[in-house]
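Biologist: Before I rely on any of the labels attached to this model, I would like to hear how each one was reached. Could we take them in turn?

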Amino acid sequence: MSPRETLCRQFLAQTPYADWQRGALAGDASNRRYERLRSAEGRSVVLMDAPPEKGESIAAFVRIARHLREQGLSAPEILAQDEVNGFLLLEDLGDDLFARVVRRQPELEQTLYAAATDALVALHAAPLPKLEPYGPRVLAELAGLVLPAYRDAILGAPDARLQARFTDQLEDILRDTLHGDAVLVQRDFHAENLLWLPDRAGVARVGMLDFQDARAGHRAFDLMSLLQDARRDVPAAIEMQMIDRYIAATGVDGSGFRTAYAVLGVLRALRILGVFARLSREYGKPQYLGYMPRVWDHLMRGLEHPAMAPTAEMLRSALPAPTPENLERLKP
């Protein structure tokens, strides 16, 4: 038995779930691991294993989950926790991820996206807890990962001057376009992290899972993450309808919101290209390379927006497309 497993059993022994049957659940791109625990009567809870020695922490998850639940949103209830060793027992919200439901019942696609949009409207109307800012400099620096992890890995030609110019120009564009009060930004708000809970009412029908990295940022970010999904194609009609729905519900300036949405889409696409390349090359997860052509399409579309004009040509010239040949260079 590994030392980690010993700690896990010690944690479970202090809860009512020690003798429940354990089974693995699919993980994510982090170092967190998940299990579903079932009782003999068929009840279930979820175990999160977030090793502190691998840079994981449960404290932010617990704090944000409680905040979301206070707003009437469906984050998992915290049933037990061991913050020192990184274990959580959570309410089991089921397996009906939005992406699975749409595959099974495509006629529900618009309903699900409308519900998720409405959940963001409710969240953005709530008080903002104390969070680290997700502002222009941070966004630009995070997007800069695309150069060493993606561009340089393909071309084999690092360019320090390009890195500095890249970050400064993106930061300038962000400062010109991101206006308004900050809201809680979950950062990974998309169909693989949202659960459909049709037995609940209103915005509580949207189960939320991946929010521990929440920051204080622009209100367009999570809607853009939802609608410019790296993992699935969202119909253009639904994307436009949901942007209109959000603007109508919140009363924000439509022109400014759409500009921020487009610019943030570029920044997120750049960041994702870098993250997925790194996951493949450094962590042996080449499955993420399959998403890159879709992310590239999002990037190219975003660069057409007038707000990106100061840097669009530089980005098009500097970044190689994720062709099959180039993706081969990104494999472990």
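Modeller: Let us start with R63, bearing in mind that the model is predicted. Leaving aside residues up to four places away in sequence, R63 touches P129, K130 and L131.

Biologist: What makes these pairs count as touching R63?

Modeller: A contact requires heavy atoms within 4.5 Å, and P129, K130 and L131 are the residues that R63 touches once its neighbours up to four places away in sequence are set aside. R63 itself sits in helix α2, which covers residues 59–70. As for F211, its C-alpha lies 10.0 Å from that of R63, although 148 residues separate the two in sequence.

Biologist: Why is R63 called partly exposed?

Modeller: The relative accessibility of R63 is 43%, and the class in between runs from the buried limit of 20% to the exposed limit of 50%; R63 therefore counts as partly exposed.

Biologist: Is T177, in helix α7 (residues 160–177), buried or exposed, and how do you know?

Modeller: Buried means under 20% relative accessible area, and T177 has 11% relative accessibility, so T177 counts as buried. Beyond the residues up to four places away in sequence, T177 touches T259, A260, V263 and A307.

Biologist: How do you know that the length of helix α4, residues 109–124, agrees with expectation?

Modeller: The expected span is 1.5 Å times one less than the number of residues, which for the 16 residues of α4 should give 22 Å; the end C-alpha atoms of α4 are 23 Å apart, and the two values therefore agree.

Biologist: What makes α4 mostly covered?

Modeller: Of the 16 residues in α4, 12 are buried, among them E109, Y113, T117 and H124. Other buried residues of α4 include L112, L120, V121 and L123.

Biologist: Turning to the whole protein, why does its radius of gyration agree with that of a compact globule?

Modeller: For 332 residues, a compact globule would have a radius of gyration near 20 Å, and the protein has 20 Å, so the value agrees. Along the principal axes, the C-alpha atoms fill a box of roughly 60 × 45 × 40 Å, and buried residues make up 53% of the 332.

Biologist: What share of the contacts with a separation of 6 or more comes from residues 24 or more positions apart?

Modeller: Such residues account for 71% of those contacts, in a protein that has 13 helices and nine strands.

Methods. Residues numbered from 1 in each chain as written. Predicted model: local features only at pLDDT ≥ 70, side-chain atom pairs only at ≥ 80, totals over all residues. Heavy atoms only, no water. Helix = DSSP H or I, 4+ residues; strand = E, 2+ residues; numbered from the N terminus. Rg over C-alpha atoms; globule rule 2.2 N^0.38 Å. Buried < 20%, exposed > 50% of the residue type's maximum accessible area, 1.4 Å probe, protein only.
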